[in-house]
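Reader: I'd love a close look at the salt bridges in this model. Could you walk me through them, and then show me how they sit within the rest of the protein?

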Amino acid sequence: MTTRRELANAVRALAMDAVEVAKSGHPGMPMGMADIAEVLWNDFLQFNPGNPRWPNRDRFVLSNGHGSMLQYALLHLTGFDLPIEQLKRFRQLHSKTAGHPEASETPGVETTTGPLGQGLANTVGFALAEKVLAAHFNRPGHAVVDHRTYVFLGDGCLMEGISHEVASLAGTWRLGKLVAIYDDNGISIDGEVRGWFTDDTPARFEAYGWNVIRHVDGHDAEAIKRALTQAISQSEKPTLICCKTIIGFGAPHKQGKEESHGAPLGRDEIAAARDALDWRHAPFEIPAEIHAGWDHRKAGSEAEQAWNAAFTRYAAAHPELAAEFKRRFSGELPADWAGKSAAYVARLQAEGPEVASRKASQMTLDAFGPLLPELIGGSADLAGSNLTKWKGSLDAANGDSAGGKGNYVYYGVREFGMTAIANGLALHGGFIPYDATFLVFSDYARNAVRMSALIPAHAIHVYTHDSIGLGEDGPTHQPVEHLASLRSIPNNHLWRPCDAVESAASWKAAIERRGAPACLIFSRQTLKHQQRDAQQLADIARGGYVLSDPPDAKFQAILIATGSEVELAMEAMRALAQQGVAVRVVSMPCTEVFDAQPLEYREGVLPLWCRARVAVEAATADFWRKYVGLDGEVVGMTTFGASAPAPQLFEHFGFSVAQVADAVKRVIG
C-alpha cells in the first residue's frame, strides 16, 4: 500500500526535476511543505479537479508563491488539467507553469501570488466573502455556502507589513473558516532568519485574536492531521498552524540551508536526494499507484454532485435566493441594471447638480447600491471624507454580517491590506468590491492595485482629494505623480471625472468592466456642471470626447483636460473666443479607454492636422506629452504642492484662465 511519505515524495521529485530542467526556481519550500500539503489535499481540502470554479470549493492559496512547483505538482497529481508536459515546461514562455502561480493561466490557482504577504491578504478577502455570503444566502437546513480557506505562508510573508494589517483584521472579524499554515523553516535567501526575524509569531497572532496551534512537526503526517482537525473544529477564530519544517527535505547536503531555497539542487544532489528518499523513478515519472493515491477526480465530482443536489433542494425552497446566487456567481449584472443606471446618468445631466465629485460618487452609490446586492465596499478609516458609505450601508464584517445584509467594510488605516483584501473578495465570486482612501495614499496600496490588474480582479479603487485642490493640508497630502503612476499600470482603467455626470458614468463603466479593475479619482472641491447633448453624454463611456467646439468657426487649437481642470479649460476657451481665438475642448476622463477606441473615433476627437494642443491637469505634466506632442504644451505640476487654500494654490501653480489662454496662444504661434 502506498504510504503518505511516498505520496509526498512524488511532490518533492516533481519539484526537484522541474526546477532542474528550468535551471531556475525554488525547490526547497515544495520539498519542505510536501508532507503538509499531502495531508491537507488528501484529507481535508474540498475541491473538484473537473470544475475548478465550483462555487462551494475550499480555497487554497500559496502565499509563499516562489514555491510554485508545490502547487503545480498538487494540481497535476490530483487531476486538474495540468499535464506532465506543462511541468516539464516550468518557467517557460506560454506554459501554464509560470515562476509564480498565476490565476489567469493555470486551472486550480485561485489568485496570482509572488509579492509576499498578498496571498495571505487575498485569503482574508476569500474568508470574508464566505462569511458574508453565508449570512446572506444560507437558510435553516440549507447551507449552500459552507467552505474554508487555507493558505500556506512562510517567513517572508510574515515579515511583510501587509501581514500585520490583514491578520489584525481577520482576528477582529473572527473569520473562523480561515486556516493559515506557517512554514517555519528558519531560512530565507540570505540565510538563517534569526539574524533579522526574531518575532514571537505565535504570540503575535494570539494578540490579533487568532487560534494558534504551536510546535507542529511539519514532517509528521499524524501531527499535521491532528492540527488541521483542531483548526476546523472551532469556528470562532481564524487559525494559525505553526509547522516546523526542514527546507529542501530529503536533499542530504542542502536541506536546512539557503542553498536549497532559490536555485536548482543540481544533478548530483538530486541523485543523492532520490537515494535518501528511496525514490527509484526517472525524472517526471510517477508510478500508477502513486497517481491513484493522489487522484481526486472521482471524490471531487461526487462532492460537487452532492452540493448540486442540495442546491436543487434549496432552489425549490428559496427560488429567488437561488436565482440571485446563480446570477452573482456568473458575474452577470441584474436585468434592470443597464436601463436604470443609464437613466440615472441622464437624470444628472438634466438636473445639473454642482457638487464635489466625491459627493457625486456618494450620490451615485445611493442610486446604484440598491440595484447591486453584490456591491461591497469600504474605506481606510476615511468614510466621512471619501464619502464611500451610502444610505444602505451596513457593517459586513462584524457580528452576523448585518443579518445577511452586510455590504460595508471598516478597514481602519490599512490601505495596502484593504486593497489586497478587495482583490480576494473579487476573486472569490459573488461580489463587486470597492475600497477607498485619499489619492496620495494610493502609494501604500499600489502593489495591490498592480495585482488587481495583473491577476486580474474586478476591484474598484476609489481615491478622493485628487490634487493640490486638497488645499491647506499641504504637500504631504497633495497627490502630484499619482495619476501618472496609476495610469502606467497595464490593464488598469483610471477615471478622473469633471462633474457629477462623469462621476456617475465612471462608476457605471467600472462596474461593467468585468474581470478587471478601475481607479476612480474624485475631488474635494465643488465642480461645475457641464452641458452636453445626447451624443456627448454617450461618448463619456469612450474615455474622451469633444465637450465644446466653436459654434461658427474652425478651431485653431485643442484644450485637453480632466477632472477639476475641465472647468478651467472651458473658462479659458470662452476667454479666448472673446479674443477671436477658436478652441476645441476635449474632456478626457479615462485615457486608457480613449486609447482603445477605433482610430476613426480618436482622429475625430484629436485630429492629426491640429498640432496646436494644450493639456491641463493639476498633476505631473509629462504624462500628457503623448497627446500634445513636441509642438504642444502642458499646464501641469513639476514640483510638489504647498500648504494654502486651494484657490491660492491653483493660481500660484499656473492653473488660471490667463495662463492657460497664454499657453494656447503660444502653441498657435
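Author: Happy to. Let's begin with one partner of a pair. This is a predicted model, and in it Asp595 counts as partly exposed, because its relative accessibility is 33%. The side chain of Asp595 meets that of Lys626 in a salt bridge, at 3.1 Å from N to O. Asp595 lies in helix H23 (residues 591-595) and Lys626 in helix H25 (residues 625-628), so this pair ties together parts that are 31 residues apart in sequence. Lys626 has a relative accessible area of 53%, so it is classed as exposed. There is also a network: salt bridges that share partners join Asp466, Arg487, Arg496, Glu565 and Glu617.

The general idea is a simple one: side chains of opposite charge can pair when their charged atoms come close. How many salt bridges does a search of the whole structure find? It finds 38. Two other pairs are good companions to the one above.

In one of them, the side chains of Glu110 and Arg57 meet with an N to O distance of 2.7 Å. This pair links distant parts of the chain, 53 residues apart. Glu110 belongs to the loop between helix H4 (84-88) and helix H5 (118-137), while Arg57 belongs to the loop between helix H2 (28-44) and strand E1 (59-62). Are these two partners buried or exposed? Both Glu110 and Arg57 are buried.

The other pair is Glu324 and Arg328, whose side chains form a salt bridge at 3.0 Å, N to O. Here the partners share an element: both lie in helix H13 (residues 319-330), four residues apart, about one turn of the helix. Glu324 and Arg328 are both buried.

Now back to the network, since one of its members, Glu565, leads us into helix H22. Glu565 is among the buried residues of that helix, along with Val566, Leu568, Met570 and Leu576, to name some of them. Helix H22 spans residues 564-578 and is mostly covered, with eleven of its 15 residues buried. What covers these buried residues? The cover includes four strands, E14 (545-548), E15 (557-561), E16 (583-587) and E17 (613-620), and two helices, H26 (646-652) and H27 (657-668). Just after H22, Gly580 takes a positive phi of about 85°.

A few backbone details are worth a visit too. His465 has a positive phi, near 55°, in a residue other than glycine. His465 sits in the loop between E11 and helix H19 (482-487), and it is classed as buried because its relative accessible area is 4%. Lys23 is not a glycine either, yet it has a positive phi of about 60°. You will find Lys23 in the loop between helix H1 (4-22) and H2; with a relative accessibility of 56%, Lys23 counts as exposed. Then look at the peptide bond from Ile455 to Pro456, which is cis, with omega near -10°. Pro456 lies in the loop between helix H18 (442-454) and strand E11 (460-464).

Strand E1, which we met beside the loop of Arg57, holds Leu62. Leu62 is buried, with a relative accessible area of 2%. Setting aside residues up to four places away in sequence, Leu62 touches Met29, Gly67, Ser68, Leu70, Gln71, Pro101, Thr113 and Phe152. Leu62 and Gly154 are 92 residues apart in sequence, while their C-alpha atoms are 9.6 Å apart in space.

Finally, let's step back to the whole protein. Its secondary structure comes to 27 helices and 18 strands. Its C-alpha atoms fill a box of roughly 90 × 60 × 45 Å along the principal axes. The radius of gyration is 28 Å, which agrees with the value near 26 Å for a compact globule of 669 residues. Buried residues make up 62% of the 669. Among contacts between residues at least 6 apart in sequence, 77% join residues at least 24 apart. The protein exposes about 24600 Å², and carbon and sulfur atoms supply 52% of that area. As for the charges behind the salt bridges, there are 63 positive and 77 negative ones, and their mean positions are 3 Å apart.

Definitions and conventions
Residues numbered from 1 in each chain as written. Predicted model: local features only at pLDDT ≥ 70, side-chain atom pairs only at ≥ 80, totals over all residues. Heavy atoms only, no water. Rg over C-alpha atoms; globule rule 2.2 N^0.38 Å. Buried < 20%, exposed > 50% of the residue type's maximum accessible area, 1.4 Å probe, protein only. Contact = heavy atoms within 4.5 Å. Areas by Shrake-Rupley, 256 points an atom, 1.4 Å probe, with all protein chains shown as cover. Lys, Arg positive; Asp, Glu negative; His and termini not counted. Charge placed at Lys NZ, Arg CZ, Asp CG, Glu CD. Salt bridge = Lys/Arg side-chain N within 4 Å of Asp/Glu carboxyl O.
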